[in-house]
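Reader: I would like a close look at a single part of this structure, with the cut-offs behind each term spelled out. Please take one strand and work outward from there.

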Protein chains: 2
Amino acid sequence: MSDALAELKEHLARISDLQTARAVLEWDLQVNMPEGGARARADHVTTLETFTHDLFTSDEIGRLLERLRPLEESLPHDHVDGCLLRVTRRDWEKAKRVPTELAAEITHVTSEAHHAWVAARAASDYPAFRPWLDRILDLKQRYADCFPPGDDPYDVFLDDFEPGMKTAEVRTVFDRLKPELIELAATGRDAPDEPFARGPFARESQHQLSLEVMRAFGADDSSFRLDPAVHPFCTSFSVTDVRLTTRYAEDDLAGHSLFSTMHEAGHGVYEHGVDPTLERSPLGHGCSSALHESQSRLWENVIGRSLPFWRWFYPRMQAAHPDALGDVSLERFHRAVNRVRPGFIRVDADETSYGLHIILRFELEQELLSGRLRTADVPEAWNARMKEYLGVDVRSDALGCLQDVHWSFGGFGYFPTYQLGNVISVQIWERLRADVEDADAMIERGDFSAVHEWLREKLYWLGRRFTPAETIQRVAGGPIDPEPYLAYLRDKSASLAAA
Amino acid sequence: MSDALAELKEHLARISDLQTARAVLEWDLQVNMPEGGARARADHVTTLETFTHDLFTSDEIGRLLERLRPLEESLPHDHVDGCLLRVTRRDWEKAKRVPTELAAEITHVTSEAHHAWVAARAASDYPAFRPWLDRILDLKQRYADCFPPGDDPYDVFLDDFEPGMKTAEVRTVFDRLKPELIELAATGRDAPDEPFARGPFARESQHQLSLEVMRAFGADDSSFRLDPAVHPFCTSFSVTDVRLTTRYAEDDLAGHSLFSTMHEAGHGVYEHGVDPTLERSPLGHGCSSALHESQSRLWENVIGRSLPFWRWFYPRMQAAHPDALGDVSLERFHRAVNRVRPGFIRVDADETSYGLHIILRFELEQELLSGRLRTADVPEAWNARMKEYLGVDVRSDALGCLQDVHWSFGGFGYFPTYQLGNVISVQIWERLRADVEDADAMIERGDFSAVHEWLREKLYWLGRRFTPAETIQRVAGGPIDPEPYLAYLRDKSASLAAA
């Protein structure tokens, strides 16, 4: 039995290496690659996907899993080998349903589509991107057809990012949030612009501030790096090789690289905190997209827009951008980075309107995938809903339906996890604050070690040992619950109005 | 038969993709990777090497080659399918002799050794690197034992970089060069330092100049990028995705990034000029290391240190570095970048003493691999020979035996190809000048298109279609001949002395 386990682990380690190689190629594609590399890169990642999928779905893995079933059933639920077998079996049973040819085609098309999306977004030319979206939707439909019908046709897409989660559960949470968020967001519609929010925020100063904050959050130079990217993201190639990306708006505080950096650093410290003995196994990454987003949003917002944080960091921020912030008080600045103000861009949105950006995408994705919405009608539907939920008139597709990278990589089902992450982040924060009594005082000193350590112990270390539902239960002490999040938004809104 | 050929090509394309993935990981390792990534990266590249080696040496490839032998023998010598089969068969017969386990171990150890070398070089601590060198030498010995004995024990190493070349041929060329180079280099020993050679050369200005020159050489932004690296190199992931690297000394004209950039751009335009229909096949790269070096050294030296080149570029150089060069004439500057002046560092060496750096390494490698030189004695042997050939007293191992990356990646047999490249570059240049009559005048205008086009048509386009010896015959019109190179050095020396 132990021979079979060692053999399985060796197979999984090599499969993990191929997946990591692919991740390096995809990081490079988004961070470095000259445009001339796009065509060949699609071949490279497709070949990696083909080998990985063939190896993982091989009968050999199935036979080993079968031989190891008695071991799996005999181990306590939290024994790491039992976790490994459980997670591997689940992944294997899903992957087994998808023919390698389809997996390869999805990889090839979405790799090529990335550059098409970058170009279409730069030109604000949705019609140029639409044929790619059609092809990707067709492929995703064929992908969905590999699985037995779920309770909801969207379940299969959601499951790729949030294993075990049902569309109905998301809908319940979002139905609770939507009217409240619309009401809260509406309060910000006529708020006047703070002039200092237009900068100037010199790029190099932003970069230095971003490095300082990511290091303070635990993203040290020996294991992390920060690069610019069109669409910021985080990826990791080992627990001590984590890549953050960011972007730099020089004339918009909401697009200051600090916020993207804190967001991606949240993802990064999660990956960095995974038990290193899980590396090169299916357990060696964060648990799910929603849990990942709970960390990116916790560090970006719950911490990164808090008054204690800015008590520590504002003097540095002010010194780095004297022309914009020289005569702006801490309190006024703190209000500005927390103000509710509906806008076009999800990643630059305030915490309240953010959720409405997500609900819009959740709805459109379901309509697109079910065929109720034609791709030709996406801009119109997008813009109408932006008007309805956020009261804004979208002026171009670059500011509208082309703004996000996700559809170009076929990531349908990803968006809802951002908002679930927001919800979970506040649940986790309440538990953390109960355990770490002087968290605020430490943050005011720029000391994030106790916060980091609590999160590492309760969440990061686990990797993918448990299901997302089990993991949320462990770290947040209960199932997903939107109430603490709504209370947090209401409290923030009230305290800022009173200030 | 055509089915078998298509099947073989499909296998080779996928093997090429895995090799490219590995090349991306190795580029990333040298350009981007935080030190924490080293351990895991060694696993990633080892897994890629294992799959690649297993796939390429499989009986399936052997059976296809056997079935295609009648086709190969029936095709004209220069038919591309015949070339493909010939080259693949040769590569396959070599690879087949090496067990996958050994290939994997070499990959793993040399990947880890890279960071050990970087650290040892930074600390000038040869004893810290020596255990790695011992391990690598042991592995390379086991590698050599996979092959039948050649005329010379060094042949097997040389063949990996210069297929078909014998150590005896190299020795004949180097024996002709060595006394002449020692004599020529000695003339520069007491030359006074030009004060402006100490800079300052601001890094950002160097970078802009480097970009300008690489673009002029044909390395356009849509297919190329330039990054800093500890040891400059060039790699390519497709003919339209070529990565150059360089480094920046702010206080030493010999270490100005322009020279590294021109060198790597020479490699890069060679890869960029390969017939794109050869991509994803064993023919889709430059022919051999010596031919590659003939191009890097041609663009760096024969063109990049010529008076016509500087007539065009010196005003830009002067404007970019006004403090150092503001009152330095073109003629004085041109003499400075061509002066013979023995120093410690190979890559910064003048064209004359460069060859002696190589001859030293060629000799030491043979002695190390045969066991005549123990690794403990490398610094002493290195320093003694530097004194004997170049008259310099090596002050530290960082400036001595630790300066080059090659031994850390097991690249024994590579060094001699640099000097063969120098020799070939002058042979090629003479032919080119006979065909492109107004080459000098065009270079004076910063127009390199005709030079580039001639090289592309006669050399780059061929890729690996023919053996190095055949390719040299085609492009240079004869076998390797050191006389034009010696005449070139003597002429340059005389004209600079007269100036």
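Author: **Strand E3 of chain B and its surroundings**

Strand E3 (residues 241-246) of chain B has six of its six residues buried, so it is largely enclosed by the rest of the structure; buried means under 20% relative accessible area, against over 50% for exposed and partly exposed in between, with a 1.4 Å probe and protein chains only. The model is predicted, so local features need pLDDT of at least 70 and side-chain atom pairs count only at pLDDT 80 or more, while totals for chains, interfaces and linings use all residues. Residues are numbered from 1 along each chain as its sequence is written, chains are lettered from A and ligands numbered from 1 in the order in which they are written, and side-chain values use heavy atoms, with hydrogens and water left out.

In a regular strand the side chains alternate between the two faces of the sheet. Here B:Asp241, B:Arg243 and B:Thr245 point one way from E3(B), whereas B:Val242, B:Leu244 and B:Thr246 point the other way, and all are buried.

Strands (E, at least two residues) and helices (H or I, at least four) are DSSP runs, numbered from the N terminus, and two strands pair if DSSP finds at least two bridges between them. Strand E1 (residues 224-228) of chain B pairs with E3(B) in the parallel sense over five bridges, and B:Leu226 has B:Leu244 as its bridge partner in E3(B). Strand E2 (residues 234-238) of chain B runs antiparallel to E3(B), joined by four bridges, with B:Ser238 opposite B:Asp241; E2(B) and E3(B) form a hairpin with two residues between them.

In chain A, an open sheet of three strands has the order E1-E3-E2, with mixed pairing. Strands E1 (224-228) and E2 (234-238) of chain A stand at the edges with a single partner strand each, so one side of each is left without a neighbour in the sheet. From one strand to the next the twist averages 20 degrees. Helix H2 (residues 38-56) of chain B packs on this sheet and touches E2 and E3 of chain A, its direction making about 80 degrees with that of E2(A); contact means heavy atoms within 4.5 Å, and axes are lines fitted to C-alpha atoms, for helices over the stretch in contact, with angles from 0 to 180 degrees between N-to-C directions.
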